[in-house]
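Q: I'm new to this one and would like a close look at a single part of it. Could you take me to the largest pocket and then show me what sits around it?

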Amino acid sequence: MEENELDVCGYLHVHEDKVAEVRRLLPDDDTLSRLSELFRVFGDETRIRILYVLFESEVCVCDIARLLGMTQSAVSHQLRVLKQARLIKSRRDGKTVFYSLSDDHVATLLRQGTEHVHEE
């Protein structure tokens, strides 16, 4: 079978009712674009590591740097990306800023993603 044959429907009949139903259920372009950006943030191993640290505990930049063997500057850069994507939040306690996951949705994404990669 040639590669381009995989893209061709063997039965030349479009199921218009199914197409219309699915089209109606698809998210709008803005939502799809934002979702794509969100998953792009998840596409970096360092950011995933940071998210997993925050999945376990609220910590400061120093703690993350020590845990991951990174510089504080490199961690801070990744934290900015994660914060812009609204995946993490921060709180100040005196001079120290502590980071944590922004909500249970992020924890669920990490948990379900981990389950998925361990499926056989």
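A: Here is a walk through the largest pocket, followed by the parts around it.

First, some ground rules: this is a predicted model, so local features need pLDDT of at least 70 and side-chain atom pairs count only at pLDDT 80 or more, while totals for chains, interfaces and linings use all residues. Residues are numbered from 1 along each chain as its sequence is written, and side-chain values use heavy atoms, with hydrogens and water left out.

Let's start with the pocket itself. The largest pocket has a volume of about 330 Å³. A pocket here is found on a 1 Å grid over the protein atoms alone, as an open set of points where a 1.4 Å probe fits, with protein on both sides within 12 Å along at least five of seven lines; lining residues have an atom within 4 Å of a point. Grid points are joined across faces, edges and corners, and the volume is the space filled by probe spheres set on the points.

Who lines the largest pocket? There are 15 lining residues, and Arg34, Leu35, Leu38, Ala85 and Arg86 lie nearest the centre. Helix α2 gives the largest share of the lining, six residues, and both α2 and α6 supply at least two residues each. Helices and strands here are DSSP runs numbered from the N terminus (helices are H or I with at least four residues, strands are E with at least two).

Now take Arg86, one of the residues nearest the centre. Arg86 sits in the loop between α5 (72–84) and β2 (88–93). Its backbone has a quirk: Arg86 shows a positive phi of about 60 degrees, although it is not a glycine. Arg86 counts as exposed because its relative accessibility is 62%. The cut-offs are under 20% relative accessible area for buried, over 50% for exposed, and partly exposed in between (1.4 Å probe, protein chains only).

Arg34, also among those nearest the centre, is exposed too, with a relative accessible area of 52%. Arg34 has a partner: Asp30 forms a salt bridge with Arg34, and the closest N and O atoms are 3.9 Å apart. A salt bridge means a side-chain nitrogen of Lys or Arg within 4 Å of a carboxyl oxygen of Asp or Glu. Asp30 and Arg34 are four residues apart in helix α2, so about one helical turn separates them. Asp30 itself is partly exposed, at 48%.

Leu35 is another residue from that central group, and it leads us out onto the surface. Leu35, Phe39 and Leu109 make a nonpolar surface patch of about 250 Å². For patches, residues need over 30% relative accessible area and no salt bridge; nonpolar side chains (Val, Leu, Ile, Met, Phe, Trp, Tyr) are joined within 5 Å, and like charges within 9 Å. The areas come from the Shrake-Rupley method with a 1.4 Å probe, and for residues only the protein chains shown count as cover. Phe39 belongs to helix α2 (residues 29–42) and is partly exposed at 45% relative accessibility. Leu109 comes from helix α6 (residues 104–118) and is partly exposed at 32%. Phe39 also brings us back to Ala85: the two are 46 residues apart in sequence, yet 9.7 Å apart in space, C-alpha to C-alpha.

The loop with Arg86 runs on into β2, so what does the sheet look like? It is an open sheet of three strands in the order β1-β3-β2, with antiparallel pairing. β1 (59–60) and β2 are the edge strands, each pairing on one side only. Two strands count as paired if DSSP finds at least two bridges between them, and β1 and β3 (residues 96–101) pair antiparallel over two bridges. Within that pair, Val59 stands opposite Tyr99 in β3.

Strand β2 has a link of its own: Arg91 and Glu58 meet through their side chains in a salt bridge (2.8 Å, N to O). Arg91 lies in strand β2 and Glu58 in the loop between α3 and β1, so the pair ties together parts 33 residues apart in sequence. Arg91 is partly exposed at 37%, and Glu58 is partly exposed at 32%.
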